[in-house]
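Colleague: I have just opened this one and would like to know how the words used for it are justified. Could you walk me through it?

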Amino acid sequence: MKEFLQNKLSDRAQRLDGKAIKEIVELIAQPNIISFAGGLPSPESFPAEELASLSEKMLREKGAQALQYSDTLGLKALREKIAQRYQNEGVEVRTENVMMVSASQQALDFVSRLLINPGDVVLCGLPSYLGGIDAFKSYDAQMVGIPLDEQGLSASHLEAKVEELIQKGQQPRFLYLVPDFQNPTGITMPRFRRLEILQIVEKFDLLILEDSPYRELRYQGEAQPTFYSLDASGRVITLGTFSKTFVPGFRLGWILAHPLLIEKLALIKQTADICSSTFVQALTLEYLEQDQFDANIQRNVKIYGEKQQVMLNALEEFMPSRVKWTQPEGGLFLWVELPDEINARQLLAKAVEKGVAFVPGDVFHCDGSGQNTFRLNYSYTTHEQTQEGVQRLADAVAEMITISTR
Ligand code: PMP
């Protein structure tokens, strides 16, 4: 950028740096590449036909309201409907606990504005969702990572790290968690781990930001309780979204929180975009009211469950024996761990030559670790592409292993 413009930027904007991701995007933006790098839902999961007729009906019959500005907190009937869905699971959620947002990425920005002062410590998993880390860092949070084990964020590491930080006079602001089919690892925290973590955050008086876009995309096993439902003290803020169960292009999600926090969040939203799209909210409400929503989720669960199985089978068939991967019970991602001596960025360069791409794991680690790991997405590619892509990837891994043992 021209230097005079660069100098006009705020300190905050000057610090924004998307270099790591830009490099990857450039590397993988090649023709004929099979990409496991993104996280896009499959277009076959979109109920386009139903939405076409509902939209037409809505514009004709309720255009005056649906095309107007609306309440900053969101359409009341939609907030009620969302509260009702949690109540059906036995969770105490009232309409005043719910605020609509323009999908969960906006919620990550709003919660950052709500809770972070420059320099504050925010805790997250090693690894964690990059869009969360970037949102917190854009408000000058200092990210501190806690290792994961097979049950998700490690409670013992969390306790030790918080004690250490407090001794240094650095009380963390909150703990960021993606407890269900985590992006990027696919790991789900079992109930006992959630309870352990809640005990620790209560002991040290921390808040939890629970980000759970994939919760309803479960292919196996039993649903685990949300942190929101396990906590009685109001210290959990939970984010939900229609992006993965319905349509990401609507940019619609919600925040669950104590009414005191919702009130402040509404003031923040007022300055950001006044309200989320009234039309999109009205259409989503109509879709929910027609009871098609759950059937659509069931369809998506079937589509993605099959896609995941195809990837797991291909990994089993083609990957060299020293490579490990997670077997998630739901969601859109799985996580691969290479032998220690193999660097995933070097592997990516080789994989791209062979026509396949993924995201190297270090970008999800706020401390830059995880060099021998990477994330695979299985929701977008066809079965044939997945099989072919995993085979190409396994070839690239095998070559790297041969080089490293030479
Ligand atoms: N949180 C997590 C953990 C995600 O994986 C994503 C999407 N990749 C988001 C938030 C943002 O999703 P959206 O804004 O579409 O709701």
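Modeller: Gladly; we will take the overall shape, then burial, cysteines and the ligand.

Modeller: Keep in mind that this is a predicted model, where local features need pLDDT of at least 70, side-chain atom pairs count only at pLDDT 80 or more, and totals for chains, interfaces and linings use all residues. Residues are numbered from 1 along each chain as its sequence is written, and side-chain values use heavy atoms, with hydrogens and water left out.

Colleague: What makes the radius of gyration of the protein chain agree with a compact globule?

Modeller: The radius is taken over C-alpha atoms, and the globule rule is 2.2 Å times the number of residues to the power 0.38. For 406 residues a compact globule would have a value near 22 Å, and the protein chain has 22 Å, so the two agree. Its C-alpha trace spans about 70 × 55 × 55 Å along the principal axes.

Colleague: Why is glutamate 286 called buried?

Modeller: Buried means under 20% relative accessible area, exposed over 50%, and partly exposed in between, with a 1.4 Å probe and protein chains only. Glutamate 286 has 15%, so it counts as buried. Contact means heavy atoms within 4.5 Å, and glutamate 286 touches Leu54, Lys57, Met58 and Lys62, not counting residues up to four places away in sequence. Buried residues make up 55% of the 406 residues in the protein chain.

Colleague: Why is cysteine 275 called buried as well?

Modeller: Its relative accessibility is 12%, so cysteine 275 falls in the buried class. Cysteine 124 is buried too, at 0%.

Colleague: How do you know that cysteine 124 has no bond to the closest cysteine sulfur?

Modeller: A disulfide is a covalent bond between the sulfur atoms of two cysteines. Here the rule asks for a pair of cysteine sulfur atoms within 2.5 Å. The closest cysteine sulfur to that of cysteine 124 is in cysteine 366, 3.9 Å away, so the gap is too far for a bond. By this rule the count is 0 disulfides.

Colleague: What makes the approach of tyrosine 214 to the ligand a polar contact?

Modeller: For a ligand, a polar contact is a pair of N or O atoms within 3.5 Å. A polar side-chain atom of tyrosine 214 lies 2.5 Å from an oxygen atom of the ligand. The side chain of serine 104 has an N or O atom 2.6 Å from a ligand oxygen, and for arginine 251 the distance is 2.8 Å. Taken alone the ligand exposes 400 Å², of which the protein buries 91%; these areas come from the Shrake-Rupley method with a 1.4 Å probe.

Technical notes: A polar contact is a pair of N or O atoms within 3.5 Å; within protein, one must be able to donate a hydrogen and the other to accept it, and residues adjacent in sequence count only if both atoms are side-chain atoms.
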